[in-house]
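Ready for a few exercises on reading a protein structure? Have a go at each task yourself, then follow the solution step by step.

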Amino acid sequence: MEQFKYTISPKKNKGKGCASLFQTVHICSHTEKNAKKLVRNGKVCYNESMKLLIPCASGLEQVVKRQLTHLGYPENPAQNGRIAVKGEWEDVAKLNVFLRSGERVLIELACFPATNFDELFDGVYAIPWEEYMTAHSEIRIDGKSYKSALGAIKAAGGIVKKAIVKRLSEKLHLRSPRLDESGERFIVGCSIYEDKATITVDTSGEGLHKRGYRTLAYSAPLKETTAAALLDLTYYHPDKPLADLFCGSGTIPIEAAMRSLKIAPGLKRNFDFERWKCVKKGILCQTKEEANDLILRKKLTIFGGDLSKEAISIAKYHAKRAGVEQAISFRVADVKDFQSSFSYGILLSNPPYGERLSDIEEAKGLMKAFGTVYSSLDNWSAYFISGLPEAERYFGKRADKKKKLWNANIECAFYSFLGAPPKHNQ
Ligand SMILES: C[S@@+](CC[C@H](N)C(=O)[O-])C[C@H]1O[C@@H](n2cnc3c(N)ncnc32)[C@H](O)[C@@H]1O
């Protein structure tokens, strides 16, 4: 695949308004045939790899970058909340299956100036959609616009779809200029920022937080991708104890167990790209086989407690679905009753903070009880995410680190209270 500057010619632009005939479009094409043709025509600056974009939650970019580095992608610049990596279809499979905190894996197809609907149409039309889609593809448009003349994003989405359908009906010689959309899904992203449109296709489909294990709802769950990121912001090590004293539906303990046992987060789910005609059959199966081979069997010390009996039964069910029920002890318990005989461990929780679950006064009381428990645990570290104003005051200790994060559109902070570093035989 290559990335190149492409000048839309009047011929290619047949039937369209002339405002944008010579705009410059950067396009990525993924077939060798097309690449060679364009290189021959001198239009291509050849680039071997696809450009993959990983959107991530605000405040977690560094965590996702570290996860990418760990997966073998050290070069990953961030742009507008998305991290870019180069890759092939094998990388698309690998990132979807293994990445714990990225939200999706997108392929950037084109990036071009778009200050009006004509420019948007031309830029989208120039993309070789016929290499990806069939006459039956289902096309959904996911648009957003920021600081741009094209602010009416719904109308812009309509233009994007129109341009795709026009191109497909011409290139695939369709009798009707409509697609029946009964086939594989393509979520096409159109993000316009400062009058520049970036067109993507979403290889993941459902967001990557949907691992597949969490099927029942309990109040105010953390996203699985966020829980995995919080874990990466701690000094948790699988040989040491971890306790979530407000575990709700079990997300933090389950993500900790999955990470410790090297269970890939995407192992049990499907992705949109696996049904696309442009993807070599078997790539995803092979990646999942590799992921299966990496799974460890080892004893972990992970505890999940919650005051609600219902929450604990849901958490146990989710842990079973995730294949980690043996690794976690869940118990109905009040935070104030927590004790441990371990001289070192990690508390990692998402206590109620009043906004959604209980009232603020109750949240303050719980924070106080949590702080009291922590002060009784000698060398333990404590970490929590909270949107409660002045959470440290109620916890009774000033945090060693504090990081601003967003959880379900609520501004929160992630607090770190560091215990003594572990001795070797602890
Ligand atoms: C924000 S939710 C945690 C959600 C969880 N992280 C998840 O992903 O599902 C807070 C949890 O604290 C629990 N809780 C409230 N009071 C408690 C108490 N005194 N002791 C332990 N848990 C309590 C609630 O039942 C609720 O499940």
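## Warm-up: the whole chain

**Task 1.** Find how many helices and strands the protein chain has.

*Solution.* The count for the protein chain is 11 helices and 16 strands. Keep in mind that you are looking at a predicted model. Now add some background: the protein chain has 426 residues, and 44% of them count as buried. Next, take the contacts between residues at least 6 apart in sequence: 77% of these join residues at least 24 apart.

## The open sheet

**Task 2.** Work out the order of the strands in the 7-stranded open sheet, and say which strands are at the edges.

*Solution.* Step one is the order, which reads β12-β11-β10-β13-β14-β16-β15, with mixed pairing. Step two is the edges: β12 (328-332) and β15 each pair on one side only, which makes them the edge strands. Step three is the twist: on average, neighbouring strands of this sheet are turned by 15° against each other, direction ignored.

**Task 3.** In which sense does each of these pairs run: β11 with β12, β14 with β16, and β15 with β16?

*Solution.* Start with β11 (residues 302-306), which pairs with β12 in the parallel sense over 5 bridges. One residue pair to look for here is glycine 305 with its bridge partner in β12, arginine 331.

Now move to β16 (residues 410-417). With β14 (residues 381-386) the pairing is antiparallel, over 5 bridges, and alanine 382 has phenylalanine 417 as its bridge partner in β16. With β15 (residues 401-407) the pairing is again antiparallel, over 7 bridges, and lysine 403 has phenylalanine 414 as its bridge partner in β16.

Finally, look at the hairpin of β15 and β16: it has 2 residues between the strands, and alanine 408 takes a positive phi near 50° there.

## Helices

**Task 4.** Which strands does helix α7 lie across, and which does helix α9 lie across?

*Solution.* Helix α7 (residues 251-260) lies across β10 (242-244), β11, β12 and β13 (346-349), and runs at about 170° to β11. Helix α9 (residues 309-322) lies across β11 and β12, and runs at about 165° to β12.

**Task 5.** Is helix α3 mostly covered or mostly uncovered?

*Solution.* Count along α3 (residues 89-98): 8 of its 10 residues are buried, so the helix is mostly covered, given that a residue is buried if 20 or more other C-beta atoms lie within 10 Å of its own. Among the buried ones are Asp91, Val92, Lys94 and Phe98. Their cover includes β3 (50-55), β5 (82-87) and α8 (283-294).

## One residue in a loop

**Task 6.** Why does threonine 203 count as buried?

*Solution.* First locate threonine 203, in the loop between β9 (196-202) and α6 (224-232). Then count: threonine 203 has 24 C-beta neighbours inside 10 Å, and therefore counts as buried. Leaving aside neighbours within four places in sequence, its contacts include Val92, Asn96, Leu106 and Phe273. Arginine 275 is 72 residues away along the chain, yet its C-alpha atom is separated from that of threonine 203 by 9.9 Å.

## Around the ligand

**Task 7.** How many residues surround the ligand, and how do they divide by class?

*Solution.* The ligand is surrounded by 24 residues, the closest being Pro221, Phe246, Gly248, Ser249 and Thr251. The elements giving two or more residues to this shell are α7 and β11. By class, the shell has 15 nonpolar, 7 polar and 2 charged residues.

Key: Residues numbered from 1 in each chain as written. Predicted model: local features only at pLDDT ≥ 70, side-chain atom pairs only at ≥ 80, totals over all residues. Helix = DSSP H or I, 4+ residues; strand = E, 2+ residues; numbered from the N terminus. Buried ≥ 20, exposed ≤ 12 C-beta atoms within 10 Å, placed from the backbone. Contact = placed C-beta atoms within 7 Å. Pairing = 2+ DSSP bridges. Axes fitted to C-alpha atoms, helices over the stretch in contact; angles between N-to-C directions. Near = placed C-beta within 6 Å. Nonpolar A, V, L, I, M, F, W, Y, C, P; charged D, E, K, R; others polar.
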